[in-house]
Amino acid sequence: MSTYTRFRSLKDTSCASCDNSNCIVNRNLSILENSTLVDNKSTLRCKKGQQFIMEGAPVNGLFFILKGTVKVFRTGINGREQIVRLAKEGEIIGHRGFGTEEYYSIGAIALQDAVLCYFSKENLQETLLDNPKFAFDMMLFYANELNRSENKVKSISQMTVRERVIDSLLYIHRKFGDLNGFLNLPLSRREYADYAGTTEEQVIRVFSALKKENLITAKGKKIGINAIQSLKKEINDHNYFLDS
């Protein structure tokens, strides 16, 4: 694991004591609790702003988020960062390279202090071969991920800049919810742009227009949605509900 620097290892958190029902390992614990996968996992803490997967680094295993929020990105033209996904507790990071590529095609950075469960590639491969049900669940996970990716590419290609920014707001709202009237994941204007596939200036213009229309409220990084149904209606033709 020499690729991942600036980590501080934690005393391993037992999968048996984890209550994260979104985790695919947790859901299969009855057949995995005596496997090398569970016995040999590592639990790591990553500080806010730390990068724990380097784009282009060798694929050594998968990370499962125990606590915190992570942004997954890849570098585009002229070194511009494109946010592929925003991930939360229970989600897998690094799966796109596992089993198909030798190097990670994405990078990952903690948006908040995060606790990560790390499973090595060797242990995962051994477990998948020995546990058909776990292998089947992983296959379904990959199928759902492919479906989401295809739907997102199709939708974004047909959206205007305003629609892409609105889609970003709704994506964050349904995935992370709100807190005290604001989205429960404060992002910079640049991060909104990197997810929506546009520029920071365009995001600022769209936010300004949405504020004037009283559709959103903005206070620094905090964004509140005032009229969620109106925003949904604007992108209804693009199947808003497909990307969770």
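What percentage of the 244 residues of the protein chain count as buried? In this predicted model, 47% of the residues of the protein chain fall into the buried class. The secondary structure of the chain comprises 9 helices and 13 strands, and, among the contacts with a separation of 6 or more, 74% are made by residues 24 or more positions apart. The accessible surface of the chain amounts to about 12400 Å², and carbon and sulfur atoms contribute 49% of this area.

Within the strand architecture, strand 5, which spans residues 70-75, pairs with strand 6 in the antiparallel sense over 6 bridges. In this pairing, threonine 75 is placed opposite glutamate 81 of strand 6. The hairpin formed by strand 5 and strand 6 has 5 residues between the strands, and asparagine 78 in this hairpin adopts a positive phi near 60°. Strand 6 itself, which covers residues 81-87, is mostly covered, with 5 of its 7 residues buried.

The search for enclosed space returned 2 cavities of 30 Å³ or more, and the largest cavity holds about 110 Å³ of space. Its lining is formed by Cys15, Cys18, Asn20, Cys23, Val25, Asn26, Lys41, Phe64, Ile65, Leu66, Cys117 and Phe119. At least two residues of this lining come from each of helix 1 (24-27), strand 4 (61-67) and strand 9 (114-120), and strand 4 makes the greatest contribution, with 3 residues. By residue class, the lining of the largest cavity consists of 9 nonpolar, 2 polar and 1 charged residues; the cysteines of the lining, namely Cys15, Cys18, Cys23 and Cys117, are counted in the nonpolar class.

Open space was examined in addition to the cavities. The second largest pocket has a volume of about 150 Å³, and its lining contains Lys48 and Gly49, the run Ala110, Leu111 and Gln112, and, from later in the chain, Leu185, Pro186, Leu187, Ser188, Glu191 and Lys221. The lining of this second largest pocket divides into 5 nonpolar, 3 polar and 3 charged residues, whereas the corresponding division for the largest cavity is 9 nonpolar, 2 polar and 1 charged. Lys48, Glu191 and Lys221 are among the residues that line the pocket, and Lys41 is one of those that line the largest cavity.

Terms used: Residues numbered from 1 in each chain as written. Predicted model: local features only at pLDDT ≥ 70, side-chain atom pairs only at ≥ 80, totals over all residues. Heavy atoms only, no water. 1 Å grid on protein atoms, 1.4 Å probe; cavity = no way out; pocket = protein on both sides within 12 Å on 5 of 7 lines; lining within 4 Å. Points joined across faces, edges and corners; volume = space filled by probe spheres on them. Helix = DSSP H or I, 4+ residues; strand = E, 2+ residues; numbered from the N terminus. Buried < 20%, exposed > 50% of the residue type's maximum accessible area, 1.4 Å probe, protein only. Pairing = 2+ DSSP bridges. Contact = heavy atoms within 4.5 Å. Areas by Shrake-Rupley, 256 points an atom, 1.4 Å probe, with all protein chains shown as cover.
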